[in-house]
Amino acid sequence: STQSTWEAVVSTQSAVVSTQSTQWYQRRVHGGGGDGLTPEQQRLLAAIKAIDAETGKQEEGVHIDLVIKRMDPSGNTANQIKEVINFLAEEGHLYSTTDEEHFKATD
């Protein structure tokens, strides 16, 4: 029905706004450095840069699975790592290369 579709859209939009608000708050209140990133975001960005250097700075960048293995060998927080990668990409710290699973740092 149209109403249930509308309710689903509103619910999804509310969740997106809530997530964005939480991320903004975390960056402003818990940001680690002058770049406004949390310590977790800084560690993940550093890991991507390190993996990229170790693999010879391939054009395709670093595959997300390598980052997950480096950051969490058990794979328990893979979704959280993906969320942080997406956040870093949205903020301009990373960009996707050959597909949505390969990234490089912008600096």
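This passage describes the strand pairing and the salt bridges of a predicted model.

The sheet is open and is formed by 3 strands. Their order is S1-S3-S2, and the pairing is antiparallel. The edge strands are S1, at residues 62-63, and S2, at residues 94-96. Each of these edge strands pairs on one side only. Strand S3 covers residues 102-105. S2 and S3 run antiparallel and are joined by 3 bridges. Within the sheet, Tyr 95 stands opposite Lys 104 of S3.

Side chains of opposite charge can pair when their charged atoms come close. A search of the whole structure returned 3 salt bridges. They are taken in turn below.

One salt bridge involves a residue of the sheet. The side chain of Lys 104 meets that of Asp 52, with an N to O distance of 2.9 Å. Lys 104 belongs to strand S3, whereas Asp 52 belongs to helix H2. The two residues are 52 apart in sequence, and the pair links distant parts of the chain. Asp 52 is buried, and Lys 104 is buried as well. Lys 104 thus appears twice in this account: it stands opposite Tyr 95, and it forms a salt bridge with Asp 52.

A second salt bridge joins Asp 107 to Lys 49. The closest N and O atoms of this pair are 2.9 Å apart. Asp 107 lies in the segment after S3, and Lys 49 lies in helix H2, which spans residues 39-54. The two parts are 58 residues apart in sequence, so the salt bridge ties them together. What is the exposure of each partner? Asp 107 has a relative accessible area of 67%, and therefore counts as exposed, the cut-off being over 50%. Lys 49 has a relative accessible area of 32% and is partly exposed.

The remaining salt bridge is formed by the side chains of Glu 54 and Arg 70, at 2.6 Å from N to O. Glu 54 is in helix H2, and Arg 70 is in helix H3, residues 64-71. This pair also links distant parts of the chain, with the two positions 16 residues apart in sequence numbering. Glu 54 is exposed, at 55% relative accessibility. Arg 70 is partly exposed, with a relative accessible area of 39%.

Helix H2 therefore recurs in the salt bridges: Lys 49 lies in this helix, Asp 52 lies in H2, and Glu 54 lies in H2. The partners lie in the segment after S3, in strand S3 and in helix H3.

Note on methods. Residues are numbered from 1 along each chain as its sequence is written. This is a predicted model: local features need pLDDT of at least 70, side-chain atom pairs count only at pLDDT 80 or more; totals for chains, interfaces and linings use all residues. Side-chain values use heavy atoms; hydrogens and water are left out. Two strands pair if DSSP finds at least two bridges between them. Helices (H or I, at least four residues) and strands (E, at least two) are DSSP runs, numbered from the N terminus. A salt bridge is a side-chain nitrogen of Lys or Arg within 4 Å of a carboxyl oxygen of Asp or Glu. Buried means under 20% relative accessible area, exposed over 50%, partly exposed in between (1.4 Å probe, protein chains only).
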